[in-house]
Amino acid sequence: MAETVPAAPLASPRPRRSWWGWGTDDKALPDSECVALGALVPGAADTPLPVPDVRSVELPAARVTPPASLAHLMSDTPPDRASHTYGKAYRDVVRALRGELGAAPDQVAFPRSEQDVVDVLDWAESADVVVVPYGAGSSVVGGVEYRGDRRGGVVSLDLAALDRVLDIDTASRAARIQAGVLGPDLEAQLRPHGLTLRHFPQSFEFSTLGGWLATRAGGHYATLLTHVDDLTESLRVVTPVGVNESLRVPGSGAGPSPDRLFLGSEGTLGVITEAWMRLQDRPRHKASASVLFDGFQAATGAVRAIAQSGLHPANCRLLDPGEAALAGVAGGGRSVLVLGVESAHFPVADRLAELVALARDHGGSPIPTPSAAGGRAEDSAAGTWRSAFLRMPYLRDGLARMSVISETFETACTWDRAGALYEAVNRDLGAVVRKVTGAEGMINCRFTHVYPDGPAPYFTVIAPARRGSEVAMWDEIKAAAMDVLGAHGATVTHHHAVGRDHRPGYDRQRPEPFARALRAAKHALDPAGILNPGVLFDGERS
């Protein structure tokens, strides 16, 4: 039997979320640090763009007045509208800093129950109002920004109040969870039961279960159960034509999976309100190691051997020389492989030793850990990389204020194509960066996830931009990056989703018969075309 979980105590007050950039206001870089950071990039601006006061930003007049029955759920205040205009991509941050908020929703809805979601969709359909489902706004692909015909108006549907773990089935090790719960709050509600979802994307602190499901998010773990798909037992989704709830079973061969239709649907087919998720016992045994390589290709061979070994490390991050230097974990043109293992039941030292031995067989040199000499484990290369990893979005925002392009794109490909893809990105995209910016710039790479049949490379581009032209310059670079990926048989995205920014590449990648089926599903589930039009495919009205 499932155990009903008591309501969680109110969380302690959190720092205020940034309306224009990543994370919280208290962690944003001050002006002096922005200037110091910009000084490291030749060609950067001398002074940072100012951060507008959200209370005084200019917004278009709200064109939608909700009915009295829904007025208590709606807000049209400048802070709410401004903070729900964009996600958190580089181009979003730059436009917010410039006060370019013409795409702001007319209203922000804050439903308190699933019935509220039903009522908002019913009203929106009758009033021809576009509804953009919103988890916590950490999309980096234009997934929550509406760019089309504003029709009768636009409402951002914020599910933050649906934030409970409702039931836990300890026998089956699963939980029924509302979609609006943030990552830290989800884990806090599972912790007393000794359980964890074990899904930790970089956006963990500022993203929700519903957002993970709607975008097929990838977590921190590099092998096995890498995507939230693998953790999903069943979904409950509100569509304009009714509520869709799938059967909760460990597996089924009964036709195409109903959950697979909504996983990755990005709010255009329905609004995910609840899910039964597969849990795991909290790990008690952990160990990590870092290995240096003189060449990136040799390191790639080591990672392939590890991915195909069946040892399934929890962490298997390969940093190329630029990424390793940027994170402060290695210099001298060397690559670094960060390995981690964990278990809820068994010691892991022997498994880590096997992984390190595989890396050594491919020319790697293990880095001695400070803990072995009486130091702190968090001072190791793995700990240094983790700190840099979590801090990076704030540094990105600081560089954006200095008119420096600092943005990423990610992909996945088979092992036989990985080397050529890496070289092509550095060569061909590097040429585009030089052409667009007039500077050499920097292109770094790390493998975030690895599979027996291929890696997921994650690229970072850093280059100075002309003040006022940052977005256009990045868009040109990003379009070229998508061309390189397509030419080498790599996916347009491994875990960032499609949104609106990846649409051109997704249109080319997606088989046309499947596209027709997807459009038919849109017509059947959302006949008025009110749900997040423009993501995945065109065609607002059916």
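**Strand 17, its sheet and the helices beside it**

Strand 17 and strand 19, which covers residues 454-464, pair in the antiparallel sense over seven bridges. Keep in mind that this is a predicted model. Here's a quick tour, starting with that pair, then the sheet around the two strands, and then the helices.

**The strand pair**
- For one concrete pairing, look at I405: its bridge partner in strand 19 is A463.

**The sheet**
- Strands 17 and 19 sit in an open sheet of seven strands, with antiparallel pairing.
- Reading across, the order is 16-13-15-14-18-19-17.
- Strand 16 (365-367) and strand 17 (404-410) are the edge strands, so labelled because each pairs on one side only.
- From one strand to the next, the twist averages 20°.

**Helix 13 on the sheet**
- Helix 13, residues 470-487, packs on the sheet and touches both strand 17 and strand 19.
- The direction of helix 13 makes about 25° with that of strand 17.

**Helix 13 meets helix 3**
- Two packed helices are described by the angle between their axes and the distance between the axes.
- Helix 3 (residues 90-97) and helix 13 have axes that come within 9 Å and cross at roughly 170°.
- Angles over 145 degrees count as roughly antiparallel, so helix 3 is roughly antiparallel to helix 13.
- On the helix 3 side, the contact is made by Y90, R91, V94 and R95.
- Helix 13 brings E470, V471, W474 and D475 to that contact.
- By type, the residues of the contact between helix 3 and helix 13 split into four nonpolar and four charged, with no polar ones.

Technical notes. Residues are numbered from 1 along each chain as its sequence is written. This is a predicted model: local features need pLDDT of at least 70, side-chain atom pairs count only at pLDDT 80 or more; totals for chains, interfaces and linings use all residues. Side-chain values use heavy atoms; hydrogens and water are left out. Helices (H or I, at least four residues) and strands (E, at least two) are DSSP runs, numbered from the N terminus. Axes are lines fitted to C-alpha atoms, for helices over the stretch in contact, and angles run from 0 to 180 degrees between N-to-C directions. Contact means heavy atoms within 4.5 Å. Angles under 35 degrees count as roughly parallel, over 145 as roughly antiparallel, 65 to 115 as roughly perpendicular and the rest as oblique. Ala, Val, Leu, Ile, Met, Phe, Trp, Tyr, Cys and Pro count as nonpolar, Asp, Glu, Lys and Arg as charged, and the others, Gly among them, as polar.
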